[in-house]
Amino acid sequence: MRVGLFLTCVNDLLYPRTGQATVTLLERLGCTVDFPLDQTCCGQMHWNTGYGRRVEPMVRSFAETFAGYDAVVTPSGSCGAMIRDNHPKAAERSGDAHLAEAVRAVVPRVYELTEFLVDVLGVTDVGAYFPHRVAYHPTCHSLRLLRLGDRPTALLAEVRGIDLVELPGADECCGFGGTFAVKNPDVSAAMGADKIRNAESTEADVLCAADNSCLMHLGGMAGRRGSPLRTLHIAEILAATEADPVDLASATARKGAPR
């Protein structure tokens with residue numbers, strides 16, 4: 001299967017190891033993975049702040065760049081939801097029938113990573129090994145818009161050596177919300193602190209999620225609290241093996257965005 005990897009801005013700029021892990025994982029499962037260099041931002045920030053017309057060139061670029069792939073896979077529930085939920089709306093509002101048709105053609109082939117593994121490849125055991133205590137945070141977009149349900153935890157449960165624990169208040173927002181964190185910093189920080197306290201109560205070594213944007217927020221919160229909790233994208237856990245384990249000391253150093 002020929003897969004186009006939509007890495008997203010956050011991963012490309014701040015968390016390239018997530019992209020590397022995604023490629024490693026998909027190739028291990030028999031996919032041919034391309035990384036189209038013409039890919040750009042999905043336009044989520046613009047859309048969320050009311051600049052709908054500014055999104056149109058990004059929607060057009062995405063539809064053209066990823067046309068022809070058997071599947072388009074992204075390690076981001078947030079950006080995946082933007083494409084699936086809002087690209088069709090933006091295309092229709094543009095009044096460009098050709099653009100609307102191009103978007104309708106590509107959107108059904110866009111999958112968040114864990115969704116692709118479970119629903120398309122039909123696997124939950126991906127051959128991973130991760131001997132650590134892990135709590136999973138279902139981010140808002142993956143939970144409420146993509147409705148990933150138990151797909152991520154089904155994959156994590158099959159990882160050899162893992163101690164997967166339930167996160168109290170898992171369905172509560174972490175407080176990031178993209179521009180929400182900028183517009184409402186005090187509320188955002190309070191919500192993030194609640195999420196970190198809940199994660200710490202599980203005595204997990206690692207808090208993982210399907211969105212590095214939320215993990216950036218939570219990693220920053222954990223670092224400022226002096227918490228030993230690491231944050232790690234689920235792709236990096238699923239790509240890990242005994243021969244190629246994750247360096248948790250490095251994961252600790254990557255908490256939050258560089259300052």
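**Two parallel sheets and their helices**

User: What is the strand order in the open sheet of 4 strands that contains β5, and how do the strands pair?

Analyst: The order is β6-β5-β7-β8, with parallel pairing. This is a predicted model, in which local features need pLDDT of at least 70 and side-chain atom pairs count only at pLDDT 80 or more, while totals for chains, interfaces and linings use all residues. Residues are numbered from 1 along each chain as its sequence is written, and side-chain values use heavy atoms, with hydrogens and water left out.

User: Why do β6 and β8 stand at the edges?

Analyst: β6 (163-165) and β8 (230-233) each have a single partner strand, so one side of each is left without a neighbour in the sheet. Strands here are DSSP runs of E with at least two residues, and helices are runs of H or I with at least four, numbered from the N terminus.

User: How do you know that β5 and β6 pair?

Analyst: Two strands pair if DSSP finds at least two bridges between them, and β5 (residues 133-136) shares 3 bridges with β6 in the parallel sense, therefore the definition is met. Within this pair, A135 stands opposite V165 of β6. Parallel β5 and β7 are likewise joined by 3 bridges, with V134 having V206 in β7 as its bridge partner, and 4 bridges join β7 to β8, again in parallel.

User: What makes the unit of β7, α12 and β8 right-handed?

Analyst: A crossover is right-handed if, with the strands pointing away from the viewer, the path from the first strand over the helix to the second runs clockwise, and the β-α-β unit of β7, α12 and β8 has this hand. Helix α12 (residues 212-225) lies across β7 (206-209) and β8, running at about 175° to β8; such angles run from 0 to 180 degrees between N-to-C directions, with axes fitted to C-alpha atoms, for helices over the stretch in contact.

User: Why is T18 called buried and G223 partly exposed?

Analyst: Buried stands for under 20% relative accessible area, exposed for over 50%, and partly exposed for values in between, with a 1.4 Å probe and protein chains only. T18, in helix α2 (residues 16-28), has a value of 0% and is therefore buried, whereas G223, found in helix α12, has 44% and is therefore partly exposed. Leaving aside residues up to four places away in sequence, T18 touches N11, P75, N212, H233, A235 and E236, where contact means heavy atoms within 4.5 Å.

User: How do you know that the span of α5 agrees with its number of residues?

Analyst: The expected span is 1.5 Å times one less than the number of residues, so the 18 residues of α5 (residues 77-94) should span 26 Å, and the end C-alpha atoms are 25 Å apart, which agrees.

User: Where does α5 bend, and by how much?

Analyst: The bend is about 45° at N86, and a proline, P88, follows within four residues; the value is the angle between axes fitted to the seven residues ending there and the seven starting there. N86 is also one of the buried residues of α5, and these residues pack against several elements, including β3 (71-74), β4 (110-112) and α8 (140-145). The helix α5 lies across β3 and β4 and runs at about 155° to β4. Strands β3 and β4 belong to an open sheet of 4 strands with parallel pairing in the order β2-β1-β3-β4.
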